Number of protein chains: 2
Amino acid sequence: MADVGEDELLAMVFPILTAAGESGDVTVGPGDDAAVLAVGGGGLVATTDAVVHGRDWRDEWSTGEDVGAKVAAQNLADVAAMGARPVALLVTLVMAPSTELDWVLDLARGLATVAASAACPVVGGDLSSAPEGVLTVSVTAFGTLDGRRAVLRSGAEVGDVVAVAGSLGLSGAGLRLLSDGRAEADPEAVAVHRRPTPPLALGPVAADAGATSMIDLSDGLLRDASRVAAASGVCVDLSSAALAGDVGRLEPVLGVEAARECVLGGGEEHSLLASFPARAGVPGGFRVIGTVRAGQGVAVDGIPEQPRGWDHFGG
Amino acid sequence: MADVGEDELLAMVFPILTAAGESGDVTVGPGDDAAVLAVGGGGLVATTDAVVHGRDWRDEWSTGEDVGAKVAAQNLADVAAMGARPVALLVTLVMAPSTELDWVLDLARGLATVAASAACPVVGGDLSSAPEGVLTVSVTAFGTLDGRRAVLRSGAEVGDVVAVAGSLGLSGAGLRLLSDGRAEADPEAVAVHRRPTPPLALGPVAADAGATSMIDLSDGLLRDASRVAAASGVCVDLSSAALAGDVGRLEPVLGVEAARECVLGGGEEHSLLASFPARAGVPGGFRVIGTVRAGQGVAVDGIPEQPRGWDHFGG
């Protein structure tokens, strides 16, 4: 696995998993923020995301409550990015018997806090024991489209504006500060890294406002924007002027170069990136940060950029 | 965690997770084989189950394809045990970068084989890297009730008959034989341990036939029957005569004591245990193995038995 990137692996695994062919119950299959099922006449959105101790969090930096709140939030952001309203969570905990009970109860509190704030109860899950050193939490989130069509990554059209709801670069900056032992330099950024608060309610709002594409920013602005670009067959061109405020917010703490890297490549922000027809304007809570042009990939001020951000297998 | 049993832990965690209260979208919450959501007017069934390398399987005994087939089957059995028809799977793979690519592709093949045979495609998932030594696969399965009411654990009534669809004790026997290095003594039992084939289609059949309760046998007949007994407020009384064929099937290979233990306590069989009103008879594919009596717990021929089987934390 060490020689294979995440995208490359998915390109090998998808054809095997989907060889069974289509089903009348599936509206949207693998490859978007979430799947969409046409069950009982409704549009059900389903997505899953796992976090791993020692890889996705460190105990020195995050409490159990932080971990629970974050894994719930990142799954709910995927639901929102389809234009859906969260309805329920499943939680799976795989842990060595030496795991502290207090940590587990803290985790549950963090999950419950986010579930309550999103009106999205935990309805089930699984508990598995594991060899020493293993501690993973995986969440599956469900949402309903309430009669809306799903907003996919593939619908961005040339001439659309690109807009974001939520912060940019704070989580990545928080991670850098924790790594550097300088958490006190920007408590807000560190808090966003520990417990992102995606603007969940704005997912359905964007859908109602005619969003042509939407994705949640989990792996970095450039990388996630490049996914929209690839799925839609367009170029996403970001404006450095529109991002200047985000960079400026972090510059005093990190310097301009690192601030820019956090805004363009920092992961785990879980803000919503959407495209809208230019004539319609963008709904409240979104701000325009670029445009959709003919071409491919991502650019800043018209100059192509390498998509960068987080790849789980670093290939 | 080592001092706390699974049921005890769940009793602590549930109240925290469900403190957020009820939601109009949730028909059945935690505690049954699966949750039921009323999304878009339909009854959606959702469940999740994880397997862990070194705990739930060993590479000497199971290929990647076996693991994929088994984790899919055990989730689909939970869907069937609600009386639902499977419609889709999500798959999460958490693995160290040193994991062999071939193993991952084998896993995908096993998942795909079961998904195809159940007409239940994989519609998404998550891929996470993990520290060395970690390899877990978790699956979330969805089903639709197609207008049926869900069959819960809590509906068994005094006077009902208790019936099973599928084998008893084979998976447990297969595990013993693998542990003893005697796999060749009973290839069928070993095959059931590696790849159980739950009678998925009989879940909706049982619901249509008026099943009052249903559960899939994941942790042993006595333990799972005791869950039905506790949820329904009854005693599940099994008949040793009705189980004699199951014990006899394994006796030549294991001896009578171990054969009986496998039938009563062996896990991972994923057969369906249901109760039906006595007057109605049981549908094809089910055979009667006991009755529902007033009282509590589980019994064999009227004599109380300790529920035994698998507890993930052995508390």
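This report walks through a predicted model with two chains, A and B, from the whole assembly down to a few residues.

## Two matching copies

Let's start with how the chains relate. Two copies of a chain are related by a rotation about an axis and a shift along it. Here, a rotation of 180° with 0.0 Å of shift along its axis lays chain B on chain A, and the RMSD is 0.0 Å. That is the relation of a two-fold axis. The same surface serves both copies, too: 100% of the contact residues of chain B recur in chain A.

## Chain A as a whole

Chain A has 9 helices and 13 strands. How does its radius of gyration fit with a compact globule? For 315 residues, such a globule would come out near 20 Å, and chain A has 19 Å, which agrees. Its C-alpha atoms fill a box of roughly 55 × 55 × 40 Å along the principal axes.

Of the 315 residues of chain A, 61% count as buried. Contacts also reach a long way along the chain: among those between residues at least 6 apart in sequence, 83% join residues at least 24 apart.

For a close-up, take helix H5 of chain A, residues 187-194. Its buried residues are Ala189(A), Val190(A), Val192(A), His193(A) and Arg194(A). The cover over them includes helix H2 (64-80) and helix H4 (170-179) of chain A.

## The nonpolar core

In soluble globular proteins, nonpolar side chains tend to be buried together. In this model, the largest nonpolar core holds 219 residues. Which of them touch the most other members? They are Val45(A), Leu89(A), Val45(B) and Leu89(B).

Now zoom in on Leu89(B). Setting aside neighbours within four places in sequence, its contacts are Ala72(B), Ala115(B), Cys120(B), Val122(B), Val123(B), Val139(B), Thr140(B) and Ala141(B).

## A seven-strand sheet in chain B

Chain B has an open sheet of 7 strands with mixed pairing, in the order E8-E10-E7-E11-E9-E12-E13. Strand E8 (213-216) and strand E13 (303-305) stand at the edges with a single partner strand each, so one side of each has no neighbour in the sheet. From one strand to the next, the twist averages 30°.

Two helices of chain B pack on this sheet. Helix H7 (residues 221-232) touches E8, E9, strand E10 (272-276), strand E12 (297-300) and E13, and its direction makes about 130° with that of E12(B). Helix H8 (residues 240-254) touches E9, E11 and E12, and its direction makes about 145° with that of E11(B).

## Strand E9 and its partners

Strand E9 of chain B (residues 235-238) pairs with strand E11 (residues 286-293) in the antiparallel sense over 4 bridges. Along this pairing, Val236(B) stands opposite Val292(B), and Leu238(B) stands opposite Gly290(B). E9(B) is also joined by 4 bridges to E12(B), and those two run parallel. There, Cys235(B) has Gly297(B) as its bridge partner.

In a regular strand the side chains alternate between the two faces of the sheet. In E9(B), Cys235(B) and Asp237(B) point one way, while Val236(B) and Leu238(B) point the other way, and all are buried.

## An arginine in helix H8

Finally, look at Arg249(B), which lies in helix H8 of chain B. Is Arg249(B) buried or exposed? A residue counts as buried with 20 or more other C-beta atoms within 10 Å; Arg249(B) has 21, so it is buried. Arg249(B) and Gly169(B) are 80 residues apart in sequence, yet their C-alpha atoms are 9.3 Å apart in space.

Key: Residues are numbered from 1 along each chain as its sequence is written. Chains are lettered from A and ligands numbered from 1 in the order in which they are written. This is a predicted model: local features need pLDDT of at least 70, side-chain atom pairs count only at pLDDT 80 or more; totals for chains, interfaces and linings use all residues. Copies are superposed by least squares on the C-alpha atoms of residues with pLDDT of at least 70 in both. Two residues are in contact if their C-beta atoms, placed from the backbone, lie within 7 Å. A nonpolar core is a set of buried Ala, Val, Leu, Ile, Met, Phe, Trp, Tyr and Cys residues joined through C-beta atoms within 7 Å. A residue is buried if 20 or more other C-beta atoms lie within 10 Å of its own, exposed if 12 or fewer, and partly exposed in between; C-beta atoms are placed from the backbone. Two strands pair if DSSP finds at least two bridges between them. Axes are lines fitted to C-alpha atoms, for helices over the stretch in contact, and angles run from 0 to 180 degrees between N-to-C directions. The radius of gyration is taken over C-alpha atoms; the globule rule is 2.2 Å times the number of residues to the power 0.38.
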